Amino acid sequence: MKKSILLAVLLTLFSCENDDDFNNNPFLVDISFQVILNTNLPQYADLDFPGNSVVIPNQGLRGVVVYYIGNNDYRAFELSDPNHSPNSCSTMRVNGIEATCPCPDDNFKYNIITGEPMNGGEFPMKPYRATRQGDDIIVSN
């Protein structure tokens, strides 16, 4: 019986996946924030329609982009380029489903639906939680 319990504990310990590679971005620190976007307000009304995004400045590190996929599925990502330290040019610009770093030394692009790099870069965009409750979309870390 003791061997069975020990075996079960060992299997549990060794079967857990390690997500440190995904979360260990040396450039972007974790900060706590929460912002509530009321889709009754004109600046957030686009988030009622699939395929639209809204940029929220002054949240997260350098701003946040929220994208509505459809069926109450929202994605939110940090707008500081994840592949270099935050600086005066590291705030990405959103055009369609692409976020692009304007820094002259890299030209990294990312998909704002998945957060994945589109043309190089070691790290994906930093994701945030985005959930809908009634007319509000709550974005937080």
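Visitor: How many disulfides does the count come to in this structure?

Guide: The model is a predicted one. A disulfide is recognised here as two cysteine sulfur atoms within 2.5 Å, and by this rule the count comes to 1 disulfide. The bond joins C89 to C103, with an S to S distance of 2.0 Å. The angle about the S-S bond is 110°, and the link of C89 and C103 is right-handed.

Visitor: Which parts of the chain does the pair link?

Guide: The pair links distant parts of the chain, 14 residues apart. C89 belongs to the loop between β4 and β5, while C103 belongs to the loop between β6 (98–100) and β7 (109–111).

Visitor: Is C103 buried or exposed?

Guide: C103 is buried, as its relative accessible area is 1%. C89 has a relative accessible area of 24% and is therefore partly exposed.

Visitor: What is the nearest cysteine sulfur to C101?

Guide: That of C103, 3.5 Å away. C101 is in no disulfide. Its relative accessibility is 2%, so C101 counts as buried.

Visitor: Where does S90 lie, and which residues does S90 touch?

Guide: S90 lies in the loop between β4 (73–78) and β5 (93–95). Leaving aside residues up to four places away in sequence, S90 touches R62, L79, S80, D81, H84, S85, C101 and C103. Its relative accessibility is 0%, so S90 counts as buried. A polar atom of the S90 side chain also lies 2.9 Å from the backbone nitrogen of N87.

Visitor: How should one read the phi of N72?

Guide: The general expectation is that most residues other than glycine have a negative phi. N72, in contrast, has a positive value, near 60°. N72 is found in the loop between β3 (64–70) and β4, and with a relative accessible area of 53% N72 is exposed.

Visitor: What is the phi of N107, and where is its place?

Guide: The phi of N107 is positive and near 60°, in a residue other than glycine. The place of N107 is in the loop between β6 and β7. N107 counts as partly exposed, because its relative accessibility is 45%.

Visitor: How is a pair of aromatic rings described?

Guide: Two values are used: the distance of the centres and the angle of the planes. In this structure the count comes to 4 aromatic pairs. One of them is formed by F27 and F123, whose ring centres are 6.3 Å apart and whose planes stand at 85°, so the pair is edge-to-face.

Visitor: Which parts does the pair of F27 and F123 tie together?

Guide: F27 lies in the loop between α2 (20–23) and β1 (34–38), and F123 in the loop between β7 and β8 (127–133), so the pair ties together parts 96 residues apart in sequence. F27 counts as partly exposed because its relative accessibility is 27%, whereas F123, at 9%, counts as buried.

Visitor: What is the order of the open sheet of 3 strands?

Guide: The order is β5-β6-β7, and the pairing is antiparallel. β5 and β7 stand at the edges with a single partner strand each, so one side of each is left without a neighbour in the sheet. From one strand to the next, the twist averages 30°.

Visitor: How many bridges join β5 to β6?

Guide: The two strands, which run antiparallel, are joined by 3 bridges. In β6, E98 is the bridge partner of N95.

Conventions
Residues numbered from 1 in each chain as written. Predicted model: local features only at pLDDT ≥ 70, side-chain atom pairs only at ≥ 80, totals over all residues. Heavy atoms only, no water. Helix = DSSP H or I, 4+ residues; strand = E, 2+ residues; numbered from the N terminus. Buried < 20%, exposed > 50% of the residue type's maximum accessible area, 1.4 Å probe, protein only. Polar contact = N/O pair within 3.5 Å; in protein donor to acceptor, adjacent residues only side chain to side chain. Contact = heavy atoms within 4.5 Å. Phe/Tyr/Trp six-rings, centres within 6.5 Å; stacked < 30°, edge-to-face > 60°. Pairing = 2+ DSSP bridges. Axes fitted to C-alpha atoms, helices over the stretch in contact; angles between N-to-C directions.
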